[in-house]
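Welcome, and please open your viewer. We will go from stop to stop, with a selection to make at each one.

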Amino acid sequence: MIDKKEMTAPNVSVGADTEQSIQKCTDISINDNDENIKDLDESFREMQREMLRQMDPSYLKTVSMSALYDTDFETQTALIDGLLYQGTYLFVGSPKVGKSFMMAQLAYHISTGTPLWNYRVRNATVLYFALEDDYPRLQRRLYHMFGADGTDNLYFATESKTVNGGLEDQIRGFIQEHPDTGLIIIDTLKRVRETGGADYSYGSDYDVVAKLKALADSYKVTMLIVHHTRKQQADDKFDTISGTNGLLGAADGAFVLSKEKRTTNAATLDVTGRDQQDQRIHLVRNPQKLIWEFEKSETEVWTEPPDPLLEKVSTVLSSDSSRWDGTASELSKLIGLDIKPNVLSLRLSINGGRLLKDYDIHYKASRTHSGRKISLWKESVSMCDDRDKLSENGDVV
């Protein structure tokens, strides 16, 4: 009689080494799976704890200074260096002062990437809501200003929905079709506001701009909102903005275009913003082309002094190769500066925009199993943006 145990014994006819190697592979696989399962279980439990915290009515979303310093934000680049940055701006002036001509000029230069006056321009697609014009007038104006050279990156709309009536959906749809959109112009604010019998209050003024700003911020684009000045004069040009201070309070900045006399071609452009210094620029309107030409600036744009760290990084990529990947410790040794790795990472993160603007060097930080990795490169290559950042609710992701 044959023992049943013998019938179920493993077949080792190919040799003992075969069975031993299977055992080794099985042991490694089980250990790896156990570690992965533990990691997943811990991540799931942490997610549950965080969800319960956020459901608590007393929950306050915060981020520590250390976590803030440890976060690498996406580099923001100016549309027009020293003049127009990512964000939402008011562009105001009295009726018929030449605001729409200025908007057409900005839109054309950004959509073609050609310098404006003495400012460098980043090329991007532009959506221009010319809500006080029609297409024949736009055709005549653009031909008068720029001749026969058109551009495929500048789009016009002469009708739109209101802020609370579907404008956001229209803008979202356009950006989804044109992901390289960099500038949206709304000419004018009055055309996209809901009409009502009550006077506009600080709260309603703030809310309408805040909604447009939230949309622009979500897609990381610049938005220019054209508006009017009031008749009363003021020592501060920005106090002449029609409405309450809620409009400027919700915006990232403002431009005020004004003339001493309506019949003159000379004008001043006052500029203020969260991410830039105040400026006053003197302009002259060309009577033939009707474009605004630069005359002078009362304020010299402040430039940051050379940074030894950025200079060293630039030298490495210029002499060694067009790309470098590694840790902050490795980069610190390579450039020969006595700087702690965490401080090096923080300074590169904060100066990412300057690296790109002044040295044409892209910066990206990401986390791997072995730790934080830094990437620096010059060539225009497509890279997935998996850097750590703060989510909209303020949590680190």
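Is Arg347 buried, exposed or partly exposed? Select Arg347 and show the surface while you think about it. The residue is partly exposed, because its relative accessible area is 30%, which falls between the cut-offs of 20% and 50%. Keep in mind on this tour that you are looking at a predicted model.

**Stop 1: the whole chain**

Zoom out and colour by secondary structure. The protein chain holds 13 helices and twelve strands. Of its 397 residues, 39% are buried. Now consider contacts between residues at least 6 apart in sequence: 64% of them join residues at least 24 apart.

**Stop 2: around Arg347**

Go back to Arg347, which you will find in helix 12. Leaving aside residues up to four places away in sequence, Arg347 touches Asp307, Leu309 and Ile339. Add Leu310 to your selection: Leu310 and Arg347 are 37 residues apart along the chain, and 9.3 Å separates their C-alpha atoms.

**Stop 3: helix 11 and helix 12**

Select residues 328-335 for helix 11 and residues 341-350 for helix 12. Their axes come within 8 Å and cross at roughly 90°. That angle makes helix 11 roughly perpendicular to helix 12. To see where they meet, show the side chains of Ala328, Ser329, Leu331 and Ser332 in helix 11, along with Pro341, Leu344, Ser345 and Leu348 in helix 12. Sorted by class, this contact has five nonpolar and three polar residues, and no charged ones.

**Stop 4: helix 4 and its partner**

Next, select residues 99-112, which form helix 4. Helix 4 has 14 residues and reaches 20 Å from its first C-alpha to its last, close to the 20 Å expected at 1.5 Å a residue. Helix 4 is mostly covered, with 13 of its 14 residues buried. Just after helix 4 comes Gly113, with a positive phi near 75°.

Now add helix 5, residues 135-146. How are helix 4 and helix 5 placed, roughly parallel or roughly perpendicular? Their packing angle is about 65°, and their axes are 11 Å apart. Helix 4 and helix 5 are therefore roughly perpendicular to each other. Their crossing is right-handed. On the helix 4 side, the meeting residues are Ser100, Phe101, Ala104, Gln105 and Tyr108, while helix 5 brings Arg141, Leu142, Met145 and Phe146. By class, there are six nonpolar, two polar and one charged residues in this contact.

**Stop 5: helix 6 and helix 8**

For another arrangement, select residues 163-177 (helix 6) and residues 202-218 (helix 8). These axes come within 11 Å and cross at roughly 15°, so helix 6 and helix 8 are roughly parallel to each other. The crossing of helix 6 and helix 8 is right-handed. Show Val163, Asn164, Leu167, Glu168, Ile171 and Arg172 in helix 6, which meet Val208, Lys211, Leu212, Leu215 and Ser218 in helix 8. This contact has six nonpolar, two polar and three charged residues.

**Stop 6: Thr158**

Move to the loop between strand 3 (154-157) and helix 6, and pick Thr158. Is Thr158 buried or exposed? Thr158 is buried, because its relative accessible area is 18%, under the 20% cut-off. Not counting residues up to four places away in sequence, Thr158 touches Ala130, Leu131, Asp133, Asp134, Tyr135 and Leu138. Try a distance label between the C-alpha atoms of Thr158 and Ala130: these residues are 28 apart along the chain, yet the separation is 5.0 Å.

**Stop 7: backbone surprises**

Most residues other than glycine have a negative phi, and most peptide bonds are trans. With that in mind, here are three places to inspect.

- Select Lys96, in the loop between strand 1 (87-93) and helix 4. Its phi is positive, near 65°, and Lys96 is not a glycine. Lys96 is exposed, with a relative accessible area of 74%.
- Select Asp360, in the loop between helix 13 (352-359) and strand 11 (362-368). Asp360 also has a positive phi, about 60°, without being a glycine. Asp360 is partly exposed, at a relative accessible area of 48%.
- Select Asp187 and Thr188: the peptide bond from Asp187 to Thr188 is cis, with omega near 20°. Thr188 lies in the loop between strand 4 (181-187) and helix 7 (189-192).

Methods: Residues are numbered from 1 along each chain as its sequence is written. This is a predicted model: local features need pLDDT of at least 70, side-chain atom pairs count only at pLDDT 80 or more; totals for chains, interfaces and linings use all residues. Side-chain values use heavy atoms; hydrogens and water are left out. Axes are lines fitted to C-alpha atoms, for helices over the stretch in contact, and angles run from 0 to 180 degrees between N-to-C directions. Helices (H or I, at least four residues) and strands (E, at least two) are DSSP runs, numbered from the N terminus. Angles under 35 degrees count as roughly parallel, over 145 as roughly antiparallel, 65 to 115 as roughly perpendicular and the rest as oblique. A crossing is left-handed if the near helix is turned anticlockwise from the far one by less than a right angle, and right-handed if clockwise. Contact means heavy atoms within 4.5 Å. Ala, Val, Leu, Ile, Met, Phe, Trp, Tyr, Cys and Pro count as nonpolar, Asp, Glu, Lys and Arg as charged, and the others, Gly among them, as polar. The expected span of a helix is 1.5 Å times one less than its number of residues. Buried means under 20% relative accessible area, exposed over 50%, partly exposed in between (1.4 Å probe, protein chains only).
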